[in-house]
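Please look over the sequence and the structure below before reading on. The briefing takes up aromatic rings, charges over rings and one helix.

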Amino acid sequence: MNFKQGIVIGVANNFVEVRIENQIYSCLIKGNLKFQTAKILVGDYVKVNFKDDKNPLVESILPRFNELYRPSIANVDQVLIVSSLVNPFLSSFLLNKLLTIFNYYHLKIILIFTKIDLVTKDNEVWTKVKAYQNLNLPVIFISNVKKNGIEDLKKVFTNKLSILTGTSGVGKSSTLNSLDNNLKLWTQDISTSLNRGKHTTTKTRLYFLHDGIIADTPGFSVFQLQGLSSIDIATNFPSFTNIWQNCKFRTCLHQQEPECAIKKAVANKIISGFFYEDYCKILIEFNKINNLK
Ligand SMILES: Nc1nc2c(ncn2[C@@H]2O[C@H](COP(=O)(O)OP(=O)(O)OP(=O)(O)O)[C@@H](O)[C@H]2O)c(=O)[nH]1
Ligand SMILES: [Zn+2]
């Protein structure tokens, strides 16, 4: 038997692309794996059988340590959330949604603020940025124009599988290019090297640069907190951590309930007002979508 282990970097209808020792192979999937409920995901470690040189065959999936849906991806070490400070102006509403969902998944989060070259010292964005710095998450400021902060960024994703996410126009592609300006070139090489005719790969794809892996996952920008309950939002919202536990009721949604520790912390400015305002808006939106009210 000639087995090798690799990581799935792209999934198509009837085959997957697997990276094994710096090489990319398109592999067929063993029949019984196709019908399993736990389908192969990007990020999966798989065992590939090379007994037939032309058609390497994925024999089994190794156990996952986590998995996300929409986009589907397995074995994620950390999430890099990219937000621009200006152009477009930092959207705390979107950022807070992303933080809520990733807190819920217990993922390590790193905040990346781009376009620092466009922001003056007296810009009002700094008030919000300070509030994010108080969340005790790693924060990296970068400029893709002046190439500031890029070395710091390289360090955080070394030896990790990181998801890069953020809304349109915040500078995700520019950031990937700052990390490695050959990236675009050789990702094109990969897709043209697969001569299996027309195929539709899912949008999630892994890129290897320096000593890390980055997943490009456009799907997160439109997420609507699927899969979470209102209590999940109330307990995973950024800046509420370690405070909501003091609410009188375990099911407190921090609205009209008596003895709410979150509302008290907002009144005492321990939690910044904009966090609570965003939270209320997100809850209203969530209830509308779920037809609860
Ligand atoms: N001044 C300045 N402009 C930047 C910076 N980063 C990105 N930009 C510009 O912002 C615009 C959007 O950047 P992209 O990298 O395409 O953003 P994106 O997040 O990949 O956008 P989508 O592909 O739509 O998701 C481009 O015009 C970039 O040149 C930065 O650090 N400073
Ligand atoms: Zn409460």
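What follows is a set of grouped notes on this structure. The model is a predicted one, and its aromatic pairs come to a count of twelve.

**Aromatic pairs**
- In one of these pairs, the ring centres of Phe-240 and Tyr-279 are 5.0 Å apart and the planes stand at 65 degrees, so the pair is edge-to-face, the cut-off for that class being over 60 degrees.
- Because Phe-240 lies in the loop between α7 (230-236) and α8 (261-267), while Tyr-279 belongs to helix α9 (residues 273-289), the pair ties together parts that are 39 residues apart in sequence.
- Phe-240 and Tyr-279 are both buried.
- A cluster linked by ring pairs takes in Phe-113, Trp-126, Tyr-132, Phe-141, Phe-274 and Phe-275.

**Charges over rings**
- Over the face of Phe-208 lies Arg-19, at 3.6 Å from the ring centre.
- Lys-47 has its charged end over the ring of Phe-3, 5.4 Å from the centre of that ring.

**Helix α4 and the residue after its end**
- Helix α4 (residues 150-157) has Ile-150, Leu-153 and Phe-157 among its residues, and these three are buried.
- Seen down the axis of α4, the buried residues fall within an arc of 55 degrees, so they line one face of the helix.
- An α-helix has 3.6 residues a turn, so residues three or four places apart point the same way.
- Glu-151 and Lys-155 are exposed, and they are carried on the face of α4 that is turned away from its buried side.
- Asn-159, just after α4, takes a positive phi of about 65 degrees.

Notes: Residues numbered from 1 in each chain as written. Chains lettered and ligands numbered in written order. Predicted model: local features only at pLDDT ≥ 70, side-chain atom pairs only at ≥ 80, totals over all residues. Heavy atoms only, no water. Phe/Tyr/Trp six-rings, centres within 6.5 Å; stacked < 30°, edge-to-face > 60°. Helix = DSSP H or I, 4+ residues; strand = E, 2+ residues; numbered from the N terminus. Buried < 20%, exposed > 50% of the residue type's maximum accessible area, 1.4 Å probe, protein only. Lys NZ or Arg CZ within 6 Å of the ring centre and 35° of its normal. Arc of directions from axis to C-beta.
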